[in-house]
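Student: I should like to learn how the features of a protein model are read. Could you guide me through this one?

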Amino acid sequence: MPRQNPQKIVKRFQKKVPWLSEVVNTAEIASDLNIADFRVTATSSSRCSICKGGKMLCGKIRCPLLARIRSYLKIKPLYDQEVLEGASPPGVFVGRIGYPYVYAGPLVPPIQGDTSLLDVPELWFGKSIEDIVDMRFKLVRGKYRVNVKKPDEGGRILDDTRLLGLAGRSVDIDLSLKTKPSSTFTLSSEVQPMGPSALINNLEVEGNIKTERHLEKAYNDTDLKAANAVVDLYNSDVRVSSIQKAFSVGSFGLEGQRKLVPTRWSITAVDSILSKELMKDVKRNPTINEFRVYESNYLDNCFQILFLPENWRYETMEAWYPGTIWNPADQNIHMFSDHEGYHGRTTYAKIGGCYYAARLAVNELLEKERRQASVIILREIRPGYIMPVGVWNVRENVRNALKQKPLKFETLKEALDHVRARLHIDLDVWINNSQLLKDVLVQKKISDFFPT
C-alpha cells in the first residue's frame, strides 16, 4: 500500500471534524483517532454541537469534551488491540441501562504493577480535573451481559468479576475482547469521564486473587443481611469505595437473595446505609455548644458548612453558576436543596447521591466527637468545574473541610457574616432557598416566649 502524505491525513481529518483541529495536528494523532470509526454523539439540548470547543458557549473556562479527547489520545496506543494485559486496580463496573439485563465486567488498564490509585477516590482529593480524567481513561471497561437477579448463573466471566470486587490489591488479568476498545465522545458537558469499552470474549486471571479478609468474611456469611455487612465492614476500617464495589457485584446478603447492583446505585446505597447507622448514635449525644463554620475549596467547588447547636437536622444546598454542568443554558444561578428533620426522610433526595455522600461525612465527625448538631451545607459550583467527576467529590470535599479546625462563633449572625464573605452569591439568596435557615431565623421557638 503506497505511503500516504502525512499532511493530507491531517487535512482530511480536520475537514471532517474541524473543531478538533487544535488537538489533531499531526498524522500520528489523526491515524490514532481513525476517522472511519471516530464516533461522536450529541444530546438534543447540547450546545456542544454548535460550539465544538471553540466558542465556549457553555461558559466554562475549558472545553470538557476536548479534555476527554486529550486524555483518550494519551492512552489509546496502549490498548489499540483486541487483547489486553494489565493489572486491575481492582475495579468493576455494573451498568444500569436495560435493567435487569445489564453489562458488567472488570476495569483493566493496559499497564502492569500497582494500579490501585486508579480506582480509589479516597486518594484523589487535590488532583486536577485533567489528572482525574487521565486516570479514568486508563481503565478499559470489559462488558459482559448479565441478569442482575441471577448472579450465580452468570458463568465464569462474571464469577471472576465478582471475585475482583473482593480483591485487596491489584490483580493481573488477560482480557480477550471481541473488538478493539472504543470510546463514544458525547457532545455534552454533563458526561462523566469514562474510559473505552468492549465486549468480552474471554477473561483470564493470572495467579490467585488475594481477597481482602473482611470482604471475604462478609461474602462467605450467607446469614448476614447486606446492610449489616456494609456496617460491619465500615467498622472494620474497610474503605467506603471498596465496600461499594463489593456491594455492586452482589457480594453481600442472605443466601438466595443476592443480586448485582448498578455501580451508580451501589454508591448511593452504601452512603445512605452508613450515614443512617451513624445517625442512630449521633442523635443520642448532647448538642455542640457553639456555632461552627468549616470550609473546603476544590475543583472550583466552594463548600461552606454550618454547624448549629441544636438537635440533628440536615440540609444540603447547591448553587450552579451559568455555564456549569446542571445549568448550561440559563444566565441565572440555579439552586437545588433538600433537607431532613430529626426523624430523617422517607423519600429519595432530589439532589441525588451527593446528598447522602455529604450526610455520611458529616455524621462521621459528629459520631467521632460524640455530639449532635443541625448541619447546613452550602456548595457553590463555579465555572471551573467543567465536568462531573463523581459523587466522591462531594464526600471527600466535606471530609476535607471537617478535618480542618473550624471557626467558632457565639451567635448565628456572626457565623453567617463570615459565610457571607466567603461566598460569591449573596447570602439572602441562600436563606430564601433554605428551609433550615428560614426556620432558625424566622420561626420563634417556644423558649423565646419564656426568657430565663
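Tutor: Let us begin with a term: contact means heavy atoms within 4.5 Å, and angles run from 0 to 180 degrees between N-to-C directions. Please bear in mind that the model is predicted. With these terms, helix α12 (residues 392-403) can be placed: α12 lies across β9, β10 (301-308) and β13 (374-381), and runs at about 130 degrees to β9.

Student: Which other helix packs on the sheet, and which strands are touched?

Tutor: Helix α13 (residues 412-422) does so, touching β9, β10, β13 and β14. The direction of α13 makes about 180 degrees with that of β10.

Student: In what order do the strands of this open sheet stand?

Tutor: The order of the six strands is β12-β11-β13-β10-β9-β14, and their pairing is mixed. At the edges are β12 (334-340) and β14 (407-409), each of which pairs on one side only. Direction ignored, neighbouring strands here are turned by 15 degrees against each other on average.

Student: In which sense do β9 and β14 pair?

Tutor: Strand β9 (residues 291-298) pairs with β14 in the antiparallel sense, over three bridges. Within this pairing, Phe-291 stands opposite Phe-409 in β14.

Student: What is the strand order of the open sheet that contains β2 and β3?

Tutor: That sheet has six strands in the order β2-β6-β8-β5-β4-β3, with mixed pairing. Its edge strands, β2 (83-88) and β3 (92-94), each pair on one side only. On average, neighbouring strands of this sheet are turned by 40 degrees against each other, direction ignored. Within the sheet, β5 (residues 140-147) and β8 (residues 197-205) pair in the parallel sense over three bridges, and Lys-143 stands opposite Leu-199 in β8.

Student: Where are cis peptide bonds found?

Tutor: One joins Pro-89 and Pro-90, with omega about 15 degrees; Pro-90 lies in the loop between β2 and β3. Another is the bond from Tyr-99 to Pro-100, whose omega is near 10 degrees. Pro-100 belongs to the loop between β3 and β4.

Student: How is a pair of aromatic rings described?

Tutor: The description uses the distance of the centres and the angle of the planes. This structure holds nine aromatic pairs. In one of them, the rings of Tyr-99 and Trp-265 have centres 5.1 Å apart and planes at 55 degrees, so this pair is tilted. Tyr-99 lies in the loop between β3 and β4 (101-108), while Trp-265 lies in helix α10 (residues 263-282), so the pair ties together parts that are 166 residues apart in sequence.

Student: How do the axes of α8 and α9 cross?

Tutor: The axes of helix α8 (residues 226-235) and helix α9 (residues 240-248) come within 10 Å and cross at roughly 155 degrees. Angles over 145 degrees count as roughly antiparallel, and therefore α8 is roughly antiparallel to α9. The crossing of the two helices is right-handed.

Student: Which residues make this contact?

Tutor: From α8 come Ala-226, Val-230, Leu-233 and Tyr-234, and from α9 come Val-240, Ile-243 and Phe-247. By class, the contact has seven nonpolar residues, no polar and no charged ones.

Student: What is the sign of phi at Asp-237, in the loop between α8 and α9?

Tutor: Phi of Asp-237 is positive, near 65 degrees, in a residue other than glycine.

Definitions and conventions
Residues numbered from 1 in each chain as written. Predicted model: local features only at pLDDT ≥ 70, side-chain atom pairs only at ≥ 80, totals over all residues. Heavy atoms only, no water. Helix = DSSP H or I, 4+ residues; strand = E, 2+ residues; numbered from the N terminus. Parallel < 35°, antiparallel > 145°, perpendicular 65-115°, else oblique. Left-handed = near helix turned anticlockwise from the far one by under 90°. Nonpolar A, V, L, I, M, F, W, Y, C, P; charged D, E, K, R; others polar. Pairing = 2+ DSSP bridges. Phe/Tyr/Trp six-rings, centres within 6.5 Å; stacked < 30°, edge-to-face > 60°.
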